[in-house]
Amino acid sequence: MRIKTKIMKKKKTTNNQDSSPFMEKEILAIFNQNPNRSLNYKQIAAFLKVTERSERIAIGKQLSAISQQGVLLELNKGKYRLNPILNDVEKNKSCLVGRVDMKQTGKAYVIITGEKMEDVFINSNNTNQALNGDTVKLRLFPMRKNKKMEGEIIEIIERAKKQFVGTILMEQRMSYFMPDNTTMPIDIMIETKDLNGAKNGDKVVVAITDWPQRSKNPFGEVIHLLGRPGNNDVEMNSILAEFEFPLSFPKDVEAEADRIPEIIPEKEILKRKDFRKTLTITIDPFDAKDFDDALSIKKMNNGNWEIGVHIADVSHYVKPGSKLEEEAYRRATSIYLVDRTIPMLPEKLSNQVCSLRPDEDKLCFSAVFELDDNAKIQNEWIGRTVIRSDRRFNYDEVQVIIENKTGELCDEILTLDRLAKKLRAERFIKGAINFESREVRFRLDENSKPISVYVKEMKDSNRLIEDFMLLANRRVAEFIGKTKNKEQERTFVYRVHDEPNTEKLNTFSVFLKKLGYQLRIGSRKGLADSYNTLFEDIKGKGEQQMIETIAIRTMSKAVYTTENIGHYGLGFKYYTHFTSPIRRYPDVMVHRLLEMYLNNAPSQDKATIEEKCKHSSQMEIKAAEAERASVKYKQAEFLLDKVGQDFWGLISGVSKWGLFVMLEESHCEGLIANHRMTDDFYSLDSENYQLIGTKYKRVFRLGDRIMVRVAKVDLAKKMLDYELVD
């Protein structure tokens with residue numbers, strides 16, 4: 001398409017403002033120099049050094065005019081970028097790159113990398129064999145007025161998955177593999193020779209071997225036989241395989257771990273500060289085996305308190321270049337499924353050598369604080385130690401002591417609790433947001449079948465540990481990160497949390513107003529305070545889960561990086577992860593860097609550390625997805641024998657598909673599909689989050705309490721269907 005160049009003549013406007021004499025080519029030159037950026041009229045004016053209001057308005061009009069020619073695309077209101085289709089002949093790089101979000105129907109959206117723009121819709125016949133999560137290059141179609149952005153995928157840059165989990169369906173000449181994951185919209189064809197022993201109905205792992213250009217379905221082979229569906233071990237291993245987590249440790253890694261001695265050499269103890277005679281305790285869940293943090297407490301002669309936060313010294317045993325190191329980095333995190341833990345480190349380390357078990361000498365990396373009675377830090381020390389835990393407590397035991405003010409080590413525990421509460425109060429005064437995730441837990445029988453479901457409640461005993469871990473993480477980050485000048489800066493691993501997206505916040509604020517809640521977004525402190533008030537106000541209400549979920553989505557995702565921007569949610573300028581090296585690889589990196597810098601080593605290579613941070617962040621997301629999948633499976637399994645039974649629930653979501661309902665007792669969420677609401681035809685009132693009956697005007701609002709019947713349980717897809725009970 002040829003672009004006409006024309007000069008805008010000055011003319012009188014109704015508000016007596018003159019339009020700008022800028023030519024199209026001057027504006028287009030800026031876009032050509034920034035082919036992958038979205039720009040508004042203010043940014044163009046800045047490039048052109050225009051400050052007059054009338055001329056800036058004229059630039060806005062010219063942008064709109066060029067957009068109508070199809071040369072520019074209006075991505076969001078007032079935001080433009082070059083149309084990649086028109087520019088593709090000269091600059092193929094101007095095509096957009098993004099990640100595929102595949103739907104069950106085969107249609108998809110592409111989330112654009114590095115651009116704050118709406119997702120691009122891809123029709124099923126334009127996906128070009130892309131699958132969910134793939135990184136792709138796409139070409140935009142010309143924008144139609146009042147239509148969503150649409151395009152086609154022209155290249156698959158990187159596949160997100162190399163293996164898929166599902167069930168084999170055998171036929172005479174060909175077998176089919178039906179994926180468990182609903183984001184995989186197609187079956188994979190398996191030739192008989194590639195079944196590798198799998199039988200009809202078996203749960204298997206399949207890899208795609210070929211996908212002919214004009215074939216709707218790819219071909220694959222069975223690479224791992226998991227077993228029969230419905231078996232607990234098969235289903236849990238299926239989840240791990242779906243997210244490509246290893247099912248066991250390689251033999252050479254186990255062998256390397258087995259060679260590590262459990263007895264600490266005396267020469268190593270002599271290198272460290274000795275806390276073995278200082279009262280030290282661990283507080284963990286009742287079924288925990290990997291105790292990676294302990295607290296010591298001692299009354300000082302000046303009346304202050306010496307509080308030690310002691311963390312298992314994993315980096316002493318896991319050395320760079322070792323098999324253990326390679327495997328720990330590959331996994332990057334432990335995974336906590338409903339009925340099992342898949343550790344980052346072999347059991348010899350995670351449950352024995354590094355675990356801070358009572359009455360055993362253990363090597364630690366410690367942050368030790370002198371606190372006054374108001375929990376103000378008077379002094380601190382960070383370094384390597386040896387400890388000996390005097391008592392292993394679980395959270396319930398400590399909670400009883402806090403509530404009843406009596407029991408073993410009562411005075412020490414009450415002092416720790418009092419100091420922790422002062423640290424917490426100070427944190428909220430300074431703008432921390434009290435996000436509390438709702439963790440669904442299960443009580444299982446001897447066969448790992450769920451017999452009840454409950455939500456984990458955060459109590460003072462949990463918060464006591466949390467507050468001291470936050471203190472240690474913050475002060476370690478400050479110890480390295482706070483420098484007088486740029487020359488003193490050293491590469492480090494930070495846990496950062498960016499500011500929330502302004503557009504998402506505004507949308508969320510409007511949403512809350514319709515439900516009767518307020519969100520003050522004018523200042524950071526006001527936002528934090530109103531978030532905390534909101535979370536208190538919605539406790540126990542039907543809309544609680546939905547509001548909490550949306551609130552978290554307005555926030556950026558916390559990640560690991562060498563670029564410190566602070567932690568918005570916690571209100572900390574410096575923050576890291578130092579306290580869980582048994583289960584998180586970034587903490588191992590932090591320990592190594594800390595030891596180097598304590599010994600005056602030069603700053604480490606930033607690119608290498610950043611790459612490891614990126615990998616750790618990605619693996620953290622995958623682990624969370626696997627954990628959620630195991631919860632959904634157990635919720636479906638819990639209701640499997642309750643089809644036809646009635647339960648009270650709260651409407652947790654309203655959509656064009658129907659009503660999402662969370663059962664009050666078990667917290668199992670399912671859908672009442674529109675076709676199951678047979679008493680009337682219901683229309684969606686999206687602005688007010690309700691369904692309204694056309695004939696009888698019955699209204700179902702977000703948060704309403706209703707009686708539902710379990711209509712169907714699809715265990716393979718982890719989906720629950722409910723129906724209304726009149």
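Trainee: Which residue in β11 stands opposite phenylalanine 164?
Mentor: Happy to start there, and bear in mind that this is a predicted model. Strand β8 covers residues 164–170, and four bridges join it to β11, residues 203–210. These two strands run antiparallel. Opposite phenylalanine 164 in β11 stands valine 206.

Trainee: In what order do the five strands of the barrel close?
Mentor: Let's walk through some of the pairs. β9 (residues 175–179) pairs with β10 (residues 188–190) in the antiparallel sense over three bridges, with phenylalanine 177 opposite isoleucine 188. The pairing in the barrel is mixed, and neighbouring strands are turned by 50° against each other on average, direction ignored. The order is β8-β9-β10-β12-β11.

Trainee: How many bridges join β11 to β12?
Mentor: Good one to look at on screen. β12 spans residues 219–227 and runs antiparallel to β11. You can find aspartate 210 opposite phenylalanine 219 in β12. The bridges joining β11 to β12 number seven.

Trainee: How far apart are the end C-alpha atoms of helix α17?
Mentor: Begin with the expected span. Helix α17 (residues 585–598) has 14 residues, so at 1.5 Å a residue it should span 20 Å. The model agrees with this, as the end C-alpha atoms are apart by 20 Å.

Trainee: How many of the 14 residues of α17 are buried?
Mentor: Buried here means under 20% relative accessible area. Among the buried residues are Tyr585, Arg592 and Tyr597. The helix is largely enclosed by the rest of the structure, because the number of buried residues is eleven.

Trainee: Which residue just after α17 takes a positive phi?
Mentor: Look just past the end of the helix. The phi there is about 65°, and the residue is asparagine 600.

Conventions:
Residues are numbered from 1 along each chain as its sequence is written. This is a predicted model: local features need pLDDT of at least 70, side-chain atom pairs count only at pLDDT 80 or more; totals for chains, interfaces and linings use all residues. Side-chain values use heavy atoms; hydrogens and water are left out. Two strands pair if DSSP finds at least two bridges between them. Axes are lines fitted to C-alpha atoms, for helices over the stretch in contact, and angles run from 0 to 180 degrees between N-to-C directions. The expected span of a helix is 1.5 Å times one less than its number of residues. Buried means under 20% relative accessible area, exposed over 50%, partly exposed in between (1.4 Å probe, protein chains only).
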